[in-house]
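Please walk through this structure with attention to one helix, one loop residue and the enclosed spaces in the interior. The account below takes these in turn.

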Amino acid sequence: MSSAIDRYLEENLEAYLQETIRLCAQPSVSATGQGVLECADLVEQILQRHRFQTWKIEGYGNPVIVGRAQGHSQRTLLFYNHYDVQPPEPLELWDSPPFEPQIRDGKLFARGAKDDKGEFMARLAAVDAVRAAHGGELPCTVLFVVEGNEEVGSPGIAKFVQDHLELLRCDGAIWEEGGIDFEERPGTSLGRRGILAVELEVETLSRDAHSGSAHILPSAAWRMVRVLASLKDENEHILIPGFYDDVRPISEFDLELLHNLPDLEPYLRQTFGVRGFVNNLSGFELRKAVFNPTCNIQGITTGYQGLGSKTVIPARASAKLDFRLVPDQDPTDILQKLRAHLDAEGFTDVQITHADYMFPARADPHHPLVQLAARTAEEVYQKPYQLIPLTGGSSPVYAFARPLNIPVIDAGVGFGITNRTHAPNENVRIQDFHNAARHIARILDGFKDIWN
């Protein structure tokens, strides 16, 4: 079967690359709405062309496209992808226009080439390869969920899943993302941190005032600085009462997995120009720190920020924050504790004007799907498979894993952080597209048998 799968993918790789180019040429920027509805239609057409029954489901933001292809067994494998992309700006930093895909030096350059249109097409290539190896049929049922709001936080996806549990019933899922690290070792993340993203606002005056009155008129800028300083100390300890109450202790098995991961310190120093990490962490403690919840300031807006000087007392100030949460923290609980903290510290005038959140999620490292992914990845990549106990980012994995009670793994076209995801010159290597399709096809081919 593996030989038949590989032969099909080798013979048809160019056709799937051309289909990926067509999809990447369609803008689909969820932050601005550019081309999103047209891309939803295109994704549905692509799924239909690959013999999927489709549903275009409205009412949860941009349309969610669901595709279903029936297989022989009672088992069902779900693929989660998204068709929306990040804004392409700054355009002047692209070597070729973001929505005019180009292949250069063995890479496809375009917005969405990696995140997430390239991954979507690699998975369709895998499905078709397994069909071809099985005489035109699938060994198990395949579901695609392709949403259009991921790059703006997937605000409606949890309700979408709750409202369509029967349609989405499955035995496991392969999430977007995944691939190989900077040393070309395959692996999967077993967990994502949750997130609570909030915006705080405070107003101290009805309008900006002359700074000559700073001895009597209160500054919104200083008010916001004091608010932010109340949230975290100089050692990164978050000062909100009860913040750490539900943090799950790191297990011995997680510590073992962390010990097996490569040392990222030299790579991070080179990539980001880091002179010193938070709390002077290094070595194993640097890897272990992913289990530390965080409070991050995304940005602060207040006062005059143009050229030169403008002697004003700012009347208004706002700040955007995100808290990255670990199992078993609840973002809705943390939001309540944040409000209580602000009130207790005398900041009752500070408004929480916006809040988005995602829950943490974890997969069982011993689940047969994880083991299947490991075996097949080592066959394709010829390197040991890494189990990453927790990654620093957040995603709507929880929206599927919790209500459907399924394991969720990664398998994708990624290569370290060289894909420039979310940045100008986003790209995917052709060999990574090809290998991801080979890996995913092997998972799909063996999925129905892992319970035997």
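**From the end of a helix to the cavities**

Helix H2 is followed by Arg51, a residue whose phi is positive, near 70 degrees. This and everything that follows is read from a predicted model, and the values are computed from its atoms.

Going back into the helix itself, H2 covers residues 36–49 and consists of 14 residues, with 20 Å between its first C-alpha and its last, close to the 20 Å expected at 1.5 Å a residue. Its buried residues are Val36, Cys39, Ala40, Leu42, Val43, Glu44, Ile46 and Leu47, a list that includes the charged residue Glu44. An α-helix has 3.6 residues a turn, so residues three or four places apart point the same way. In H2, Val36, Cys39, Val43 and Ile46 are among the residues that are buried. The partners of this buried set are spread over several elements, since the buried residues of H2 pack against helix H1, strand E1 (53–57), strand E2 (64–69), helix H3 (117–133) and strand E6 (141–147).

Ahead of H2 comes the loop that links it to H1 (2–24), and Ser28 lies in this loop. Is Ser28 buried or exposed? Ser28 has a relative accessible area of 0%, and because residues under 20% count as buried, it belongs to that class. Leaving aside neighbours within four places in sequence, Ser28 is in contact with Gln34, Gly35, Val36, Cys39, Tyr83, Asp84, Val85, Phe99 and Lys117. Two of these contacts, Val36 and Cys39, are also among the buried residues of H2, while Lys117 belongs to the range of H3. Gly112 stands 84 residues from Ser28 along the chain, yet the C-alpha atoms of the two are separated by 8.9 Å.

The last topic is enclosed space. The structure holds 3 cavities of 30 Å³ or more, and the largest has a volume of about 60 Å³. Its lining is made up of Leu190, Gly191, Arg192, Ala361, Arg362, Ala363, Val397, Ala401, Ile406, Pro407 and Val408, with at least two residues each from strand E10 (191–192), strand E17 (361–362) and helix H12 (397–404). By class, this lining has 8 nonpolar, 1 polar and 2 charged residues.

The second largest cavity, with a volume of about 40 Å³, is lined by Gly179, Pro186, Gly187, Tyr381, Tyr385, Asp410, Ala411, Gly412 and His439. Here the classes are 4 nonpolar, 4 polar and 1 charged.

Methods: Residues are numbered from 1 along each chain as its sequence is written. This is a predicted model: local features need pLDDT of at least 70, side-chain atom pairs count only at pLDDT 80 or more; totals for chains, interfaces and linings use all residues. Side-chain values use heavy atoms; hydrogens and water are left out. Helices (H or I, at least four residues) and strands (E, at least two) are DSSP runs, numbered from the N terminus. Buried means under 20% relative accessible area, exposed over 50%, partly exposed in between (1.4 Å probe, protein chains only). Contact means heavy atoms within 4.5 Å. The expected span of a helix is 1.5 Å times one less than its number of residues. On a 1 Å grid over the protein atoms alone, a cavity is a set of points where a 1.4 Å probe fits but cannot get out, and a pocket is an open set with protein on both sides within 12 Å along at least five of seven lines; lining residues have an atom within 4 Å of a point. Grid points are joined across faces, edges and corners, and a volume is the space filled by probe spheres set on the points.
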